[in-house]
Amino acid sequence: VSGGTITIQNIDEVASYLDFAIDVDSRVSSSPGVYLSGANISIQDVAIPEFDHDGDSSTADVRSADGIVANSGTGNINIGADDPANGPAIGPIFTDGTGIYANSVGGTIDVAATGDIAAGDYGVRVNAGAGAGNVSVSVNNAYGSAQEGVFVSTQDSTLDAAITSTGTVRGGTDGIEFFHRGAGLASLDVQNVYGAGAFGVRLDTETGRSTGLDIDISGTVQGAQKGIHVDHLASGSADIALTGSVIGDTETGFYFNGSATGAGLTVTGGSSGMIAGATHGLDVIMTYADLIVEDFASIAGGVLDGVRVQMDGGNVTIRNIASVTSASRFAVDVSNYYYDTVIENIAVPQIGGTDRSDSGIRVRGLGGGNIDIGGTSTATAIDDVWTVNDGILAQAYYDGNLNINADGVIDSGNASGINAQSEAGAITITALGDVTGGAHGSYAR
């Protein structure tokens with residue numbers, strides 16, 4: 001079909017034991033993989049429930065082999081997006097294979113499923129090829145047993161791409177996998193996401209694009225490996241709000257690699273957010289961009305650091321974290337080349353009320369950047385720090401200046417409460433609380 005719209009709507013139950021419940025292909029091609037055109041596809045108000053396939057009420061109901069498949073060529077795809085607010089426009093969907101698959105190389109893709117999706121393979125899978133327009137995927141509860149709960153992949157000319165969820169997304173590998181290679185905004189607004197085999201959320205952008213990120217996660221994100229894994233190689237800024245819990249069962253809670261020039265990152269917990277990882281709690285690697293991490297209730301690392309930042313050419317600000325800890329390494333470890341580092345209003349409390357982090361706050365200003373730990377007021381000062389080794393270790397190289405301001409107890413069992421080192425810059429230390437250490441209370445050189 002080369003034009004017009006193919007519409008399927010108002011079906012209470014559609015199923016196929018051996019094949020697709022709904023299969024619409026409007027692609028018109030000149031050669032394999034080259035599509036000249038295609039009709040628009042609209043699928044509204046349909047459900048694919050479990051069903052009685054043999055007429056025997058004593059046997060269990062079964063699922064369709066696959067759910068909805070829509071291939072539109074250059075046409076638009078609209079699955080359930082006409083009026084999802086007025087009822088379960090799409091769903092429930094129960095399949096042994098993929099719940100919803102949508103593929104367009106030249107049109108927009110809109111998927112909205114307010115009914116539950118429980119699929120043996122992918123819950124929802126969307127592919128937007130070169131030439132596609134905006135992509136939007138909205139689900140309530142989506143489960144992909146063998147693959148992802150929601151998988152979205154876009155190509156070069158795709159504009160904005162968005163995934164939203166009002167319920168829980170679960171995947172046998174990742175909960176959500178989002179590869180946005182287009183130039184527009186990649187946005188993610190979800191609640192609870194679980195990845196049983198790898199990551200709760202994985203999001204990648206591509207080098208050479210201007211893609212920005214807007215991520216808002218209000219519930220629990222948990223992955224068997226990492227909670228959240230982001231490779232942001234495009235040049236747009238990234239704004240990430242994590243107001244619930246982010247958990248990495250065997251690796252890092254939140255991992256971000258931003259190696260593109262100019263892509264700044266802000267991560268906020270809204271005062272209630274919590275991040276925990278078996279290795280690092282939060283791990284950020286960035287080049288030529290500014291980083292802000294702020295307003296978390298707690299960030300905890302396991303065998304590695306609570307917060308680790310490796311920055312090459314950008315300012316780093318970490319502030320307003322009620323508790324940041326690591327049983328085995330540094331609660332906070334920042335290495336910053338050339339630019340300034342500011343750490344304000346954080347605490348490294350005892351773990352479980354009795355145990356200590358191995359080490360507290362370490363900042364290395366490599367290449368001449370200034371270091372400011374605690375600002376100049378009680379509102380920005382460092383609170384209690386309880387450690388086995390150094391409580392605060394600051395190392396300013398070349399002519400970088402160093403400021404430390406603490407109003408809590410700084411207690412190091414074996415090393416220095418405060419250890420301040422500068423090659424040629426000024427050192428300022430203000431301590432309003434007790435500073436003690438097994439080697440030195442406060443040491444500066």
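## A tour from Q44 to the parallel strands

Begin by selecting Q44: this residue is buried, since its relative accessible area is 7%, and the cut-off for burial is under 20%. The model in the viewer is a predicted one.

**Around Q44.** Colour residues 40–48, which form strand β5, the strand that holds Q44. Next, display the residues that Q44 touches, leaving aside those up to four places away in sequence: I8, Q9, N10, N78, I79, G80, A81, D82, A89 and I90. From this set, pick A81 and draw a distance between C-alpha atoms; Q44 and A81 lie 7.5 Å apart in space, with their positions 37 residues apart in sequence.

**The whole chain.** Zoom out and switch to a cartoon view. The chain contains 45 strands and zero helices. Along the principal axes, its C-alpha atoms fill a box of roughly 80 × 50 × 35 Å. Of its 445 residues, 53% count as buried. Among contacts between residues at least 6 apart in sequence, 77% link residues at least 24 apart.

Now turn on the surface. The chain exposes about 16,000 Å², and 45% of this area is supplied by carbon and sulfur atoms. Colouring by charge picks out 15 positive and 52 negative side chains, two sets whose centres lie 10 Å apart.

**Strands β14, β17 and β20.** Select residues 142–144 (β14) and 168–171 (β17), two parallel strands joined by three bridges. Within this pair, G144 has G171 in β17 as its bridge partner. Then add residues 192–195, strand β20, which runs parallel to β17 and is joined to β17 by four bridges. Here T168 stands opposite N192 of β20. Strands of a sheet pair through backbone hydrogen bonds, so showing backbone atoms is a useful choice at this stop.

**The sheet β38-β41-β44.** Which order do the strands of the open three-stranded sheet take? The order is β38-β41-β44, and the pairing is parallel. Strands β38 (385–387) and β44 (435–437) stand at the edges with a single partner strand each, so one side of each has no neighbour in the sheet. On average, neighbouring strands of this sheet are turned by 5° against each other, direction ignored.

To finish, select residues 410–412, strand β41, together with β44: the two pair in the parallel sense over three bridges. One contact to centre on is the bridge between I410 and its partner V435 in β44.

Definitions and conventions
Residues numbered from 1 in each chain as written. Predicted model: local features only at pLDDT ≥ 70, side-chain atom pairs only at ≥ 80, totals over all residues. Heavy atoms only, no water. Pairing = 2+ DSSP bridges. Buried < 20%, exposed > 50% of the residue type's maximum accessible area, 1.4 Å probe, protein only. Contact = heavy atoms within 4.5 Å. Areas by Shrake-Rupley, 256 points an atom, 1.4 Å probe, with all protein chains shown as cover. Lys, Arg positive; Asp, Glu negative; His and termini not counted. Charge placed at Lys NZ, Arg CZ, Asp CG, Glu CD. Axes fitted to C-alpha atoms, helices over the stretch in contact; angles between N-to-C directions.
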